[in-house]
Amino acid sequence: MLTAIVGINWGDEGKGRMVDLLSQQYDVVIRYQGGNNAGHTVVNDKGKFILNLLPSGILREGTVNVMGPGMVIDLEHLCGEVERLRQGGITVTPENLKISDKATICMPYHKLMDCLEEDRLAGKKFGSTRRGIGPVYGDKYMKKTLRMGDLRNLAGLKERISDIVEWKNLTVEKGYGHEPIQAEEMMAWLEQFGTPWLDYICDTTLYLTKAADEGKNIMFEAQLGALRDIDFGIFPYTSSSSTIAAYAPIGSGIPAKKLDNTIGIMKAYSSCVGEGPFTCEYFGEDAKKLRDAGGEYGAATGRPRRVGPFDVVASKYGVMMQGADTIALTKIDVMAYMEKVPVVVAYDIDGEITTDFPVGERLNRAKPVIEYMEGFGDLSGCRKKEELPKAALDYIQYLEKAVGCPIQYVSVGAERDAYIKMF
Ligand code: GDP
Ligand code: MG
């Protein structure tokens, strides 16, 4: 069984939390895109963990975790993240973590370039996480990056690194006027933070093909959501990778295998990090109340997230792009304080009412059409469908119909067992 767990919205829907719950029946969990710009928070019997690079399956004993070729890996961050996990009692060995030899290395100068450019943009910034993700993916497509497999022969890399550094300095030094990058420093960095992973690096294609052929259960854990996909998201306010389920087999290294099912993680209200159109956005007191109730501060960056009511138009598009078979609805417990529950049911674009998500310039002119449903109070103690009040069932059924996908799980808390299986 090959299952993708993906975000329907702008990210931070609770993918890590759902992977932690559902990975019980899976042998392998893979991260197939992105880097340490993700923050997946998992609360379970071992404590609270924030994962940036590692698949959330690392927290379960017996699960093998794979970092696929579609990822970009900051080696220094990886060292720190694994160290933190070990301090929290989690075992990380080559047995339960496999890193693709084709995954791209995110270098210190990628982070530097990210910062230099965000600073240059000042008031017009994109809201980058400043972790080097955009620059490193750019370099990958320029074919100027190093891959994890290159760490096996560092000595042989000297000339290539010095060529790359010379090329980088055309921008860093001559363009931005920053002091130049030093090739020796890059070599030392690679040695210090790359060497610990030598035993973890392998051909994940071979490993995963064999696992799939043996009938193992494989889970693909996405980072971010459909609306941040580089091609289908709100460009250019997207991430630099493909966040959609269709990319999961490619980014994992097994492009010829087909997904058996896709579970879309959808938040019961909306949140978004960074700049760009966010039609359902709340401001002022309404925003503060929802943000505080949901603890909407970035796991990777600590930035306050933008928040708003559930957005039918954006979520219906997200469900379509992900090809979701079922949905896990998360954080509905956060809405306990609402007397009436607001829903963005359509967009008004130049007087035309639509539920088709406009990608591109029309989105800037979209205004939310809001309707209200009955409040449902505190759901955090509910564990069965029968325990849900009618108003909550009405809301859930309304969302299913509006986005055109059945809701199989309803999460009512961050802890592993705080959920309801609807069918
Ligand atoms: P991800 O990036 O999609 O994995 O999501 P994040 O971890 O960035 O953000 C989700 C946050 O909500 C985390 O702090 C989770 O612990 C928390 N969370 C997940 N599901 C629920 C839920 O159903 N209710 C509440 N109250 N919190 C949740
Ligand atoms: Mg997150």
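Mentor: Let's start with a word we'll need: a residue is called exposed when its relative accessible area is over 50%, buried when it is under 20%, and partly exposed in between. Keep in mind that we're looking at a predicted model.

Trainee: Okay, let me try it on D350. Is D350 buried or exposed?

Mentor: D350 has a relative accessible area of 58%, and the cut-off is over 50%, so D350 is exposed. You'll find D350 in the loop between β16 (340–349) and β17 (352–354).

Trainee: What does the backbone do at D350?

Mentor: The general idea is that most residues other than glycine have a negative phi. D350 is not a glycine, yet it has a positive phi of about 50°. K143 is another case, with a positive phi of about 60°, and K143 is not a glycine either. K143 sits in the loop between α4 (133–141) and α5 (158–172) and counts as exposed, at 72% relative accessibility.

Trainee: What about peptide bonds? Which kind of bond joins F235 and P236?

Mentor: Generally, most peptide bonds are trans. The one joining F235 and P236 is cis, with omega at about 5°. P236 belongs to the loop between β10 (218–225) and α8 (248–252).

Trainee: Now the ligands. How many residues surround ligand 1?

Mentor: To read a binding site, start with who is around the molecule, then look at individual atom pairs. Here 17 residues surround ligand 1, and the closest are K15, G39, T41, D333 and S411. By class, that shell has 3 nonpolar, 7 polar and 7 charged residues. Helix α1 (15–22) and strand β3 (40–44) each supply at least two of the shell residues, and α1 gives the most, with 3.

Trainee: And which atoms of K15 and K331 lie by an oxygen of ligand 1?

Mentor: For K15, a backbone N or O atom lies 2.8 Å from an oxygen atom of the ligand. For K331, a polar side-chain atom lies 2.9 Å from a ligand oxygen. A backbone N or O atom of G413 is placed 3.2 Å from an oxygen of ligand 1. Taken alone, ligand 1 exposes 580 Å², and the protein buries 90% of that.

Trainee: There's a metal too. Which residues coordinate the magnesium ion?

Mentor: With a metal, look for the donor atoms and then ask where they come from along the chain. The magnesium ion (ligand 2) is coordinated by D12 through OD and G39 through O, at 2.0 to 2.2 Å. This pair links distant parts of the chain: D12 is in the loop between β1 (2–7) and α1, G39 is in the loop between β2 (28–31) and β3, and the two are 27 residues apart. D12 counts as partly exposed at 22% relative accessibility, whereas G39 counts as buried at 13%.

Trainee: Back to helices. How many residues of α10 are buried?

Mentor: To judge a helix, count its buried residues. In α10 (residues 312–322), 8 of the 11 residues are buried, so this helix is largely enclosed by the rest of the structure. Among the buried ones are V312, Y317 and Q322. At the start of α10, a side-chain oxygen of D311 comes within 3.0 Å of the backbone nitrogen of V313. Just after α10, G323 takes a positive phi of about 60°. For α1, 8 of the 8 residues are buried, so α1 is largely enclosed too.

Trainee: Can we look at single residues? Where does D74 lie?

Mentor: D74 lies in the loop between β6 (72–73) and α2 (75–87). With a relative accessible area of 4%, D74 is buried. Leaving out residues up to four places away in sequence, D74 touches N36, L53, C106, K111 and W189. The side chain of D74 also reaches the backbone nitrogen of E76 at 3.1 Å.

Trainee: One last one: which side chain does R306 meet in a polar contact of 2.8 Å?

Mentor: The side chain of E281. R306 and E281 are 25 residues apart in sequence, but their C-alpha atoms are 6.8 Å apart in space. A polar side-chain atom of R306 also lies 3.0 Å from the backbone oxygen of G276. R306 itself is in strand β13 (residues 306–308) and counts as buried at 18% relative accessibility.

How values were computed. Residues numbered from 1 in each chain as written. Chains lettered and ligands numbered in written order. Predicted model: local features only at pLDDT ≥ 70, side-chain atom pairs only at ≥ 80, totals over all residues. Heavy atoms only, no water. Helix = DSSP H or I, 4+ residues; strand = E, 2+ residues; numbered from the N terminus. Buried < 20%, exposed > 50% of the residue type's maximum accessible area, 1.4 Å probe, protein only. Near = heavy atom within 4 Å. Polar contact = N/O pair within 3.5 Å; in protein donor to acceptor, adjacent residues only side chain to side chain. Areas by Shrake-Rupley, 256 points an atom, 1.4 Å probe, with all protein chains shown as cover. Nonpolar A, V, L, I, M, F, W, Y, C, P; charged D, E, K, R; others polar. Donors = N, O, S within 2.8 Å, 3.2 Å for Na, K, Ca; no water. Contact = heavy atoms within 4.5 Å.
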